[in-house]
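Here is a short set of exercises to work through with the model open beside you. Try each task before you read its solution.

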Protein chains: 2
Amino acid sequence: MTSPDEQPTLAVSTVIFTLQPNDSATPELRIPLVKRIRNPFANQWALPGGPLAASEDLADSASRTLRETTGLEPRYLEQLYAFGDPARSPGERVVSIVYWALVAGDEAAQVFDSENVAWFRADDLPQLAFDHNLIVDYALWRLRTKLEYSRIAHGFLGDTFTLAALREVYEVILQRPIDAGNFRRTMEASGVIVPTGERLTGTRHRPPQLYRYNAEPESQGEFDLGPRSRPMLTVKETA
Amino acid sequence: MTSPDEQPTLAVSTVIFTLQPNDSATPELRIPLVKRIRNPFANQWALPGGPLAASEDLADSASRTLRETTGLEPRYLEQLYAFGDPARSPGERVVSIVYWALVAGDEAAQVFDSENVAWFRADDLPQLAFDHNLIVDYALWRLRTKLEYSRIAHGFLGDTFTLAALREVYEVILQRPIDAGNFRRTMEASGVIVPTGERLTGTRHRPPQLYRYNAEPESQGEFDLGPRSRPMLTVKETA
DNA sequence: GAGTATTTTTGACTCTAAGTCGAGACTATC
DNA sequence: GATAGTCTCGACTTAGAGTCAAAAATACTC
């Protein structure tokens, strides 16, 4: 506990998004939260995170938190914002540097759901500790915005996927239907995905082509990867 | 001086952009830097900034720095990124939260150019202290990118301006010519600017219409103003 | 005061990317 | 062999931006 006129405490938190199948056919956007065990806000749900370790990079800290909370590796990780309102934490001054991450849905399914970690629907959260509701709202806005002008959707999927699966990611997150034909044309023209040559059989209809993400940097367009395109910030193709 | 295993020091710095006329006809993009008077990097140029005051909001700290360095108020202010590489400052761990700002060119002209503050051309900087060259490069990238999809260009101008002046802002920053007719059509259709009804006389050609920025929120589009659209983050129309 | 230089302002045409929509292709199942 | 149900493709439409040149309006020159 720091008195008001000392140096602010520095924490790193992470908003972790995944797409998990639910009872109905369409998956839903979910994020993991941890239950606080001490004051302030004891017993309330909060974003996973913690104080920044002495010689740990910010992104590493977010990555570590994600691993400790979900047991998973991020497929996409990006800094979101630094929150520093003096009143955001009662009693002490805490500046939180927040990251947001995507993890693949099929991996997230087999995740430990301990006493103190639970997954919530992103658009139906309880009252969270601190200003974490505001933070999640902002992360959601960034996710939706960035999905439209960059190519991060495959961060929710495995290494190979059908166009229908990719389109479903867009439809669930943007909350609107997308024309299949137009989507195919745009995606193929962009060069972000390449057909693997294999097809997904076993469906009860025409077998769809399987695609994978094109890791060529020139196919990724000019979107924000942070101050330098460090490998850590790009998507990991194999887990 | 903090030993490596204590809490990191928190600093706030600001990249301040302005458009200043030079000897030739076209203005150039410039940023103010301050000369460091102590180690590390004594006598090298660095971004204006300093440690975060105990109960000061992050944006307020950036604003104050800007005022102390230039004597001006920002016409646009936005958080850029938090830099936290453990090796970025020799001897102590410093996490810098960096903002970027725009100030009007005509105001910046009459600024005190003290011994320890100087304005540099943004694309021709000396070797700076810490990782500040990297930071400026990233801020420049953000400025250029954001100029294209949002409406921040008038942050460089006064309250009223001609379309030619606004177009020149785009041309100087994006470093390419822009068709005047197309520019007019796009700008007028967007609704971001409204004609004042007055014209600029005294030129040696057809007197151009004067425009002002349209403060209506729905005219601003869906670009990133931070987690909440606080007035502080939006553009001030009168200085 | 008429002509010239210069930039503003307007409008027509073109080009590109995306939205719309429907028909044909292909596999599993009945 | 017919049917259900997607996948895949192609034609048409629409919206926005790029291109380009002509008309408009002022100050300056002679």
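**Exercise 1. Count the salt bridges over all chains, then examine those formed by B:Glu28, B:Glu56 and B:Arg167.**

Step 1. Start with the rule: a salt bridge is a side-chain nitrogen of Lys or Arg within 4 Å of a carboxyl oxygen of Asp or Glu. Over all chains the count comes to 26 salt bridges. Before going on, note that this is a predicted model, where local features need pLDDT of at least 70, side-chain atom pairs count only at pLDDT 80 or more, and totals for chains, interfaces and linings use all residues. Residues are numbered from 1 along each chain as its sequence is written, chains are lettered from A and ligands numbered from 1 in the order in which they are written, and side-chain values use heavy atoms, with hydrogens and water left out.

Step 2. Take B:Glu28, whose partner is B:Arg121, with the closest N and O atoms 3.6 Å apart. B:Glu28 lies in strand E2 (residues 27-35) of chain B and B:Arg121 in strand E7 (residues 117-121) of chain B, so this pair ties together parts 93 residues apart in sequence. (Helices, H or I of at least four residues, and strands, E of at least two, are DSSP runs numbered from the N terminus.)

Step 3. Check accessibility: buried means under 20% relative accessible area, exposed over 50%, and partly exposed in between (1.4 Å probe, protein chains only). B:Glu28 counts as buried at 14%, while B:Arg121 at 35% is partly exposed.

Step 4. Move to B:Glu56, which forms a salt bridge with B:Arg64; here the closest N and O atoms are 2.6 Å apart. B:Glu56 is buried, with a relative accessible area of 14%, and B:Arg64 is partly exposed at 24%.

Step 5. Finish with B:Arg167 and B:Glu171, whose closest N and O atoms are 3.5 Å apart. These two are four residues apart in helix H4 (residues 163-174) of chain B, which means they are separated by about one helical turn. B:Glu171 is partly exposed, at 23% relative accessibility.

**Exercise 2. Describe the contact between chain B and chain A.**

Step 1. Contact means heavy atoms within 4.5 Å. Chain B contributes 35 residues and chain A contributes 35 residues.

Step 2. Now the area: buried area is the accessible area (1.4 Å probe) that two parts lose on being put together, summed over both. Between chain B and chain A it is about 3,000 Å², with carbon and sulfur atoms giving 56%. On the chain B side, B:Ala54, B:Tyr81 and B:Pro227 lose the most area to chain A, together 19% of what that side buries.

Step 3. Look for polar links. Between chain B and chain A there are zero salt bridges, but eight residue pairs are in polar contact, both residues being at pLDDT 80 or more. (A polar contact is a pair of N or O atoms within 3.5 Å; within protein, one must be able to donate a hydrogen and the other to accept it, and residues adjacent in sequence count only if both atoms are side-chain atoms.)

Step 4. Map the chain B side that touches chain A: strand E1 (9-21), strand E5 (76-83), strand E6 (94-102) and helix H3 (132-149) each supply at least two residues.

Step 5. Zoom in on B:Arg142, which lies in helix H3 of chain B and is buried, with a relative accessible area of 13%. Leaving out residues up to four places away in sequence, B:Arg142 touches A:Asp224, B:Glu78, B:Gln79, B:Leu80 and B:Trp100.

**Exercise 3. Find the backbone features at B:Pro40, B:Phe41 and B:Phe130.**

Step 1. Recall the background: most residues other than glycine have a negative phi, and most peptide bonds are trans.

Step 2. B:Asn39 and B:Pro40 are joined by a cis peptide bond, with omega about -5°. B:Pro40 sits in the loop between E2 and strand E3 (45-46) of chain B.

Step 3. B:Phe41 is also placed in the loop between E2 and E3 of chain B. B:Phe41 has a positive phi of about 65° although it is not a glycine, and it is partly exposed at 24% relative accessibility.

Step 4. B:Phe130, in the loop between E7 and H3 of chain B, has a positive phi near 50°. B:Phe130 is partly exposed, with a relative accessible area of 21%.
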